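I opened the model today to go through its domains, its ligand and one loop residue. My notes follow in the order I looked things up.

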Amino acid sequence: MDPRVEQFMSNVISKNLGEVEFHQAVQEVAESIIPFVEENPKYKHAKILERIAEPERVILFRVPWLDDKGEVQINKGYRIEMNSAIGPYKGGLRFHPTVNLGILKFLAFEQVFKNSLTTLPMGGGKGGSDFDPKGKSDNEVMKFTQSFMTELFRHIGPNTDVPAGDIGVGGREIGFLFGQYKRLRNEFTGVLTGKGIEWGGSLIRPEATGYGSVYFAEEMLKTRNDSMKGKIVTVSGSGNVAQYATEKATELGAKVVTFSDSGGTIYDPNGIDKDKLAFVMELKNIKRGRIKEYAEKYSVEYFEGERPWNIKCDVALPSATQNEITEEDAKTLIANGCYCISEGANMPSVPEAIEVYLDKKILYGPGKAANAGGVAVSGLEMTQNSMRLPWSREQVDERLQQIMINIHETCVKFGTKDDGFINYVDGANIGGFVKVADAMLAQGVV
Ligand code: NDP
């Protein structure tokens, strides 16, 4: 490791003990930024990177609620307000039993760079709870979210901090959160994004992250005079991002052959077509069932407890969770012919897997660039809320595509090496850093 990165990281680690995902996310960025900062001493003297690695504010709170049996339950609530140099804090809420401070800080940190890359005026934040919506009744989810918002509402607002969805927080949860905020504040404002279309939501928001990750893959492929057409694609997860990545990849002529969840992976060599995708959407979004049921319905293979990375593909779209591709998985993917990876999920590849991608010079779009479509359309939802004027599906989709093209161009600008190889990791990190760093310089030591 570069001794400058080592020294920087030892400081970050000692100040944030045990937060391993946060260390991982900061180190990946530091490896790109520290050499860049050395060449641009104005950022060094103002200690911009050191400041970016420290959240502006961390809010921790108790979330008590009554389950259907009348028993008291207690969860942890969090909001990380990471950086507001270029706009109000913006980033999703995650409800999942694995949620802890380190995971949310890694997500908030990534969000700062991602939001900057979109070119929209949004700072970075993230929040959530260790609450597990799985197996809970609608009533219990409502009770919990109302209690969560009863504390969170005093910290957020349309010009302060605008949360959205993430794992375990979809349309149902955003609805309950918005209802409670409105009741407490007596205000109908764009304080959350991912809202229902009848009450301030934007068309294309549910689709945006998945669509965007495929648009980004298409841009990467274009640099090699290639496209998604005819490609075999593996997708992990079967939630929001996975579903719409599959829809768009299929629309562009690719064949998606896998879905997964925390139980295992299904492999459908004939491809997940429109009708099969509709089945998955009903299964996951309404019945809240397991992906195994797909294998039973369509008589395809199901690999219990496995992820999709052993299956042969040209393009992989990891769309489930962090650290879901190990070094071994990365080697297997490439040995099986995969040469394009576009990350719908946040930090799905471990650092050693990223080294393998870069070493083999495949097309690798890291999450902070490839999945920025979601927050970009959240930004467009905020614009529409401020104007009180909804845009058409076509208008939003066109802007989303243009934003993904612009993010790709930024990565090319800051990530192209002397031999012509595009290192999208450096491209996204440096491209995202510059705007935030300049804003921080202009605003003084705050
Ligand atoms: P959902 O909750 O809709 O879906 C998550 C999917 O991933 C489910 O299939 C879930 O399976 C699976 N999954 C979650 N945790 C694990 C785990 N620990 N091991 C195996 N599988 C797991 O979430 P989203 O689709 O919204 O989010 C997916 C990823 O995309 C996350 O990394 C998120 O941060 C990222 N992302 C999402 C954005 C958005 O707009 N929604 C924006 C940018 C990034 P199961 O049901 O069994 O838990």
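**Entry 1: domains.** I started with the division of the chain, which gives domain 1 (57-187) and domain 2 (208-365). I kept in mind that this is a predicted model. Between the C-alpha centres of domain 1 and domain 2 I noted 27 Å. I then looked up the contact between them, to which domain 1 brings 10 residues and domain 2 brings 8 residues.

**Entry 2: where the ligand sits.** I asked myself where the ligand lies relative to domain 1 and domain 2. The ligand lies between them, because domain 1 (57-187) and domain 2 (208-365) both contribute residues to the shell around it. I also looked up which elements supply at least two residues each to that shell, and wrote down α8 (205-222), α9 (240-251) and β8 (258-261).

**Entry 3: what surrounds the ligand.** I have 24 residues around the ligand, and those that come nearest are Asp166, Thr209, Ser262, Arg290 and Asn346. How many residues of the shell are nonpolar, polar and charged? I recorded 4 nonpolar, 14 polar and 6 charged.

**Entry 4: backbone atoms at the ligand.** I went through the oxygen atoms of the ligand next. A polar backbone atom of serine 238 is 2.9 Å from a ligand oxygen. For glycine 168, I noted 3.0 Å between a polar backbone atom and an oxygen atom of the ligand. At glycine 344, a backbone N or O atom is 3.4 Å from a ligand oxygen. I then checked the ligand's area: taken alone it exposes 890 Å², and the protein buries 83% of that.

**Entry 5: lysine 361.** I moved on to the loop between α13 (351-360) and β13 (363-365), where I found lysine 361. Is lysine 361 buried, exposed or partly exposed? I put lysine 361 down as partly exposed, because its relative accessibility is 37% and that class runs between 20% and 50%.

I listed the contacts of lysine 361 without its neighbours within four places in sequence, and got Arg224, Asp419 and Phe421. With aspartate 419 there is a polar contact, side chain to side chain, at 2.5 Å. I also looked up valine 315, which is 46 residues from lysine 361 in sequence. In space, I have 14 Å from C-alpha to C-alpha for lysine 361 and valine 315.

Conventions:
Residues numbered from 1 in each chain as written. Predicted model: local features only at pLDDT ≥ 70, side-chain atom pairs only at ≥ 80, totals over all residues. Heavy atoms only, no water. Near = heavy atom within 4 Å. Polar contact = N/O pair within 3.5 Å; in protein donor to acceptor, adjacent residues only side chain to side chain. Areas by Shrake-Rupley, 256 points an atom, 1.4 Å probe, with all protein chains shown as cover. Helix = DSSP H or I, 4+ residues; strand = E, 2+ residues; numbered from the N terminus. Nonpolar A, V, L, I, M, F, W, Y, C, P; charged D, E, K, R; others polar. Domains from an automatic or database assignment. Buried < 20%, exposed > 50% of the residue type's maximum accessible area, 1.4 Å probe, protein only. Contact = heavy atoms within 4.5 Å.
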